[in-house]
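Q: Please take a close look at the pockets here, and describe what lines them.

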Amino acid sequence: MATKIFINLPVRDLDKSMAFFTNLGFSFNPQFTDEKAGCMVISDSIFAMLLTEPYFQTFTKKTVSDAKTATEVLIALDAGSKEEVQQLIAKAESAGATIYSEAQDHGWMYQHCFADLDGHQWELIYMDQSKLPNS
């Protein structure tokens, strides 16, 4: 059974992408970071590999999607509170992200979304399962 996840994302400018996510509070593992790739640490078991587009292309025979014009994946991350979601959204927006959806508060779940510099869509979610409606 898998114990870690590595999300591989193509980026146009690795330095700008790494600076963007550093501004959001993420760190990079230097052991797996070079001029072609940055290993962004999301948690102890979740990583986003930011790969330059030419390097990303070496892993697939398909055309690399342009995340600014097409959506292939929505990356959803949980947060510890509604305030944490709001703080991260504010940091993302000030670092150049595009807010592509208004915040949604469902009582038991709060979410807000942004697109990074390359158009990859990130959904930040806080869930209070004690308030989950009965099914």
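The answer below goes through the pockets in turn.

A: This is a predicted model, in which local features need pLDDT of at least 70 and side-chain atom pairs count only at pLDDT 80 or more, while totals for chains, interfaces and linings use all residues. Residues are numbered from 1 along each chain as its sequence is written, and side-chain values use heavy atoms, without hydrogens or water.

The largest pocket (an open set of points on a 1 Å grid over the protein atoms alone, with protein on both sides within 12 Å along at least five of seven lines) holds about 330 Å³ of space, a volume being the space filled by probe spheres set on the points. Its lining consists of 18 residues (each with an atom within 4 Å of a point), and Pro 10, Phe 56, Ser 65, Glu 72 and Val 73 are those that lie nearest its centre. Strand β1, residues 5-11 (strands being DSSP runs of E, at least two residues), gives the most to this lining, with four residues. By class, eight of the lining residues are nonpolar, eight are polar and two are charged (Asp, Glu, Lys or Arg).

The second largest pocket holds about 220 Å³ and is lined by 15 residues, with Phe 26, Ile 42, Leu 77, Asp 78 and Ala 79 nearest its centre. Two or more residues of that lining come from each of β1, β5 (74-78) and α3 (82-94) (a helix being a DSSP run of H or I, at least four residues), and β5 gives the most, with four. By class, this second lining has 12 nonpolar residues, one polar and two charged.

Methods
On a 1 Å grid over the protein atoms alone, a cavity is a set of points where a 1.4 Å probe fits but cannot get out, and a pocket is an open set with protein on both sides within 12 Å along at least five of seven lines; lining residues have an atom within 4 Å of a point.
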